[in-house]
Amino acid sequence: MDRRETVFAVLRTLNITYQLHEHPPIPTIELALPFWNQINSAHCKNLFFRNHKRNKHFLVILDHRQQLDVHDLEKRLKQGKITFASERRMTQYLGLTAGSVSPFGLINDIKNQVYLFIDEELKKAEKISFHPNDNTATLVLLMADFIQFLNMSGNAYEFIKMYE
């Protein structure tokens, strides 16, 4: 089963409905914008970090329009110095490659080693969208269903204020 089909199978198991929007590969936010114009949902940046000791990994989810100051994020996360994780680590912990980072990669984190930090502003969204572990589509689901997915994953997560 390919990465997308695995995501769809998990969502079916949870009785989560979704909308799927196919498009060419879009590895960056800038390239995604024209395809997202017709999709009514909160669109997210998904960034994968590791701590300085290389023993903790974090997925940070925020609105795609927000600019991220890593030093400010370090203060907010209270995890010490962080840096972007390598593609090797991304594959090891989430089963994903650069340009396809998505919280649906938690399906592959069977040891629940990745901790999620989600911008609290996203809680206000009715719908939220992510790649289905493949950057050739955008998957839209209700925020409540996304929370259900997170709870099923077993990974720890928290909503935090990322901006003043």
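## Ser100 and its surroundings

Ser100 sits in the loop that runs between helix H4 (87-94) and strand S5 (114-119). The model is a predicted one. With a relative accessible area of 4%, Ser100 is buried, because the cut-off for that class is under 20%.

The side chain of Ser100 comes to 3.4 Å from the backbone nitrogen of Asn135. Asn135 is also among the contacts of Ser100 beyond four places in sequence, together with His131, Asn133 and Asp134.

## Ala137 in strand S7

Ala137 belongs to strand S7 (residues 137-142). Its relative accessibility is 0%, so Ala137 counts as buried. Along the chain, Ala137 and Ser100 are 37 residues apart, and 9.9 Å separates their C-alpha atoms.

When residues up to four places away in sequence are not counted, Ala137 touches Arg4, Leu20, His21, Glu22, His23, Phe130, His131 and Pro132. His131 thus appears in the contacts of Ala137 and in those of Ser100.

## The two sides of helix H3

Helix H3 spans residues 70-77, and its residues Leu73, Glu74, Arg76 and Leu77 are buried. These four lie on the same side of H3, because the arc they cover around the axis is only 165 degrees. In an α-helix there are 3.6 residues a turn, so residues three or four places apart point the same way. On the other side of H3, His71 and Lys75 are exposed.

The cover over the buried residues of H3 includes strands S2, S3 (57-63), S4 (82-84), S5 and S8 (157-160). S5 is also the strand that follows the loop holding Ser100.

## The ends of helix H3

At the start of H3, Asp69 places a side-chain oxygen within 2.9 Å of the backbone nitrogen of His71. His71 is one of the exposed residues of the helix. Just after H3, Lys78 has a positive phi of about 55 degrees.

## The largest pocket

The largest pocket holds about 500 Å³ of space. Its lining is made up of 27 residues, and those nearest the centre are Pro27, Ile29, Lys45, Asn46 and Leu47. Helix H2 (29-36), strand S2 (42-51) and strand S6 (127-130) are the elements that each give two or more residues to this lining. S2 is also among the elements that cover the buried residues of H3.

Sorted by class, the lining has 15 nonpolar, 9 polar and 3 charged residues.

Methods
Residues numbered from 1 in each chain as written. Predicted model: local features only at pLDDT ≥ 70, side-chain atom pairs only at ≥ 80, totals over all residues. Heavy atoms only, no water. 1 Å grid on protein atoms, 1.4 Å probe; cavity = no way out; pocket = protein on both sides within 12 Å on 5 of 7 lines; lining within 4 Å. Points joined across faces, edges and corners; volume = space filled by probe spheres on them. Nonpolar A, V, L, I, M, F, W, Y, C, P; charged D, E, K, R; others polar. Buried < 20%, exposed > 50% of the residue type's maximum accessible area, 1.4 Å probe, protein only. Polar contact = N/O pair within 3.5 Å; in protein donor to acceptor, adjacent residues only side chain to side chain. Contact = heavy atoms within 4.5 Å. Arc of directions from axis to C-beta.
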